[in-house]
Amino acid sequence: MLGALLTGGLALLFPALLAQPLAMAAAQGSCAALVSYLLRGPVWWLPIHLGFMPLAVLALGLGLPSWVWLAGFVMLLLVFWRTDRSRVPLYLTNAASSEALLKLLPAAPGAAIDLGCGDGGLLRHLAGARPDCRFVGFEHAPLTWAWARLRCRRLPNVEIRYGDFWSHPLGDYVLVYAFLSPIPMHRLWIKAKAEMKADARLISNSFAVPDVRPESTVDVADGRQTRLYCYRPAG
Ligand SMILES: C[S@@+](CC[C@H](N)C(=O)[O-])C[C@H]1O[C@@H](n2cnc3c(N)ncnc32)[C@H](O)[C@@H]1O
C-alpha cells in the first residue's frame, strides 16, 4: 500500500505515467520493494514486490475470461487454505529428510503424527518402512487432504484426518513431527509440553522452538541443508 501511495505521488509529478499501465505497475513494484527493504522485510519478498504488479498487468493483457481467475483463486484456496491465519504454507519434506526421520522413530512399535501432513508423502514413506507403527496425519487444506487420503488409502497403518491439528491431543504419540514455519513454534511448544508423554519426541523440520535448546539436532545431507530439531517437551 505504501508502494501504491508513492506511485500515486509519482503520477502526480509525472501525469504521463498514468497512460502507461505497465510503467505504473513497474513503479509500484519498485516503490513497494524499496519500502519493504527500508522496513527490513524478508529478502525473499523483494522479487515478489518487484514482479507482482507488472505480472498482473501483463496477465490482464492476455484477455482471459474472468472465470479463469476465479478458478485459479479457488484452486489456490483449496491447496493452501487459510495460510493467512495459519502462516504455514505448503512445502514438502524431501526424501533425505524422510529417511533421517525414519531413523529417529523408536525401535518399539508406537504411534506418530505429522501435524499438517500435506500430500501425505512423508507418511507413506514412513508407513511403508515401519508397518509395526501407526501413523496419523492432520491436514486442513481440502484438496491437499483429499490428495493425501487418496495416496494413503491402501496403507492400513496410516490415518489421514481432516481438520485443525491444534484441537487434536498429542498424548498418544511417541513422535510428533512438524514442518510448519517460525510463527507457530512457540504455541506448538506450549501444546506439546502440556500434552505429550514424558518420553515422546517432538521433531521440527527447519524451524526451532524459540529460546528452547533442542535435545539434539540432525543435519540432513540434502541441497537445502535441512536441520531437524529434536525435543522432549515433557521429558
Ligand atoms: C510445510 S507443509 C508440510 C507438509 C508435510 N508435513 C511434509 O512435511 O511434507 C505444512 C502443511 O500443514 C498444513 N497446516 C497448517 N496449519 C494447519 C493446521 N492448523 N491444521 C492442519 N493442517 C495445517 C498446511 O496446509 C500444509 O499442508
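**Entry 1: a strand in the middle**

I began with strand E1, where four of the five residues are buried, so the strand is largely enclosed by the rest of the structure. Before going on, I noted for myself that this is a predicted model.

Next I looked up the partners of E1. Strand E1 covers residues 111–115 and pairs with strand E2, residues 134–139, in the parallel sense over five bridges. I picked out two residue pairs here: Asp 114 stands opposite Gly 137 in E2, and Leu 115 has Phe 138 of E2 as its bridge partner. E1 also pairs with E4, again in the parallel sense, over four bridges. In that pairing I found Ile 113 opposite Val 176 in E4.

**Entry 2: the whole sheet**

In what order do the strands of the sheet lie? I traced an open sheet of seven strands and wrote down E3-E2-E1-E4-E5-E7-E6, with mixed pairing. The edges are strand E3 (158–162) and strand E6 (216–219); each has a single partner strand, so one side of each is left without a neighbour in the sheet. From one strand to the next, the twist averages 20 degrees.

**Entry 3: over to E5**

I moved on to E5 and its partners. E4 and E5 pair in the parallel sense over four bridges, and Leu 175 stands opposite Arg 201 in E5. With E7, strand E5 pairs in the antiparallel sense, also over four bridges. There, Leu 202 has Tyr 231 of E7 as its bridge partner.

Is E5 mostly covered or mostly open? I found it mostly covered, with five of its five residues buried. I then checked the two faces of E5: Arg 201, Ile 203 and Asn 205 are buried on one side, and Leu 202 and Ser 204 are buried on the other.

**Entry 4: helices on the sheet**

Which helix packs against E1, E2 and E3? I found helix H7 (residues 121–129) touching these strands, with a direction that makes about 175 degrees with that of E2. H7 also has a place in the chain path, since E1, H7 and E2 make a right-handed β-α-β unit. I found another right-handed β-α-β unit in E4, helix H9 (residues 185–195) and E5.

Then I followed helix H6 (residues 95–104). H6 lies across strand E4 (175–178), strand E5 (201–205), E6 and strand E7 (227–231). The helix runs at about 25 degrees to E7.

**Entry 5: around the ligand**

Which residues come nearest to the ligand? Of the 23 residues around it, I listed Ser 86, Thr 93, Gly 116, Gly 118 and His 140 as the nearest. The elements giving two or more residues to this shell are H7 and E2, so I was back at names from my earlier entries. I also sorted the shell by residue type and got 13 nonpolar, seven polar and three charged.

**Entry 6: Pro 142 and Trp 81**

I looked at Pro 142, which sits in helix H8 (residues 142–152). Why does Pro 142 count as partly exposed? I found 13 C-beta neighbours inside 10 Å, and a residue needs 20 or more to be buried, while 12 or fewer make it exposed.

Leaving out residues up to four places away in sequence, I saw that Pro 142 touches Leu 78 and Trp 81. For a longer view I took Leu 22, which lies 120 residues from Pro 142 along the chain; their C-alpha atoms are separated by 36 Å.

Trp 81 made me stop again. Its phi is positive, about 55 degrees, although the residue is not a glycine. I placed Trp 81 in the loop between helix H4 (66–80) and helix H5 (83–86). With 21 other C-beta atoms within 10 Å, Trp 81 is buried.

**Entry 7: Arg 40**

Where is Arg 40? I found Arg 40 in the loop between helix H2 (21–38) and helix H3 (45–60). Its phi is near 55 degrees, a positive value in a residue other than glycine. Is Arg 40 buried or exposed? I counted 7 other C-beta atoms within 10 Å, so Arg 40 is exposed, whereas Trp 81 is buried.

Methods:
Residues are numbered from 1 along each chain as its sequence is written. This is a predicted model: local features need pLDDT of at least 70, side-chain atom pairs count only at pLDDT 80 or more; totals for chains, interfaces and linings use all residues. Two strands pair if DSSP finds at least two bridges between them. Axes are lines fitted to C-alpha atoms, for helices over the stretch in contact, and angles run from 0 to 180 degrees between N-to-C directions. Two residues are in contact if their C-beta atoms, placed from the backbone, lie within 7 Å. A crossover is right-handed if, with the strands pointing away from the viewer, the path from the first strand over the helix to the second runs clockwise. A residue is near a molecule or strand if its C-beta atom, placed from the backbone, lies within 6 Å of it. Ala, Val, Leu, Ile, Met, Phe, Trp, Tyr, Cys and Pro count as nonpolar, Asp, Glu, Lys and Arg as charged, and the others, Gly among them, as polar.
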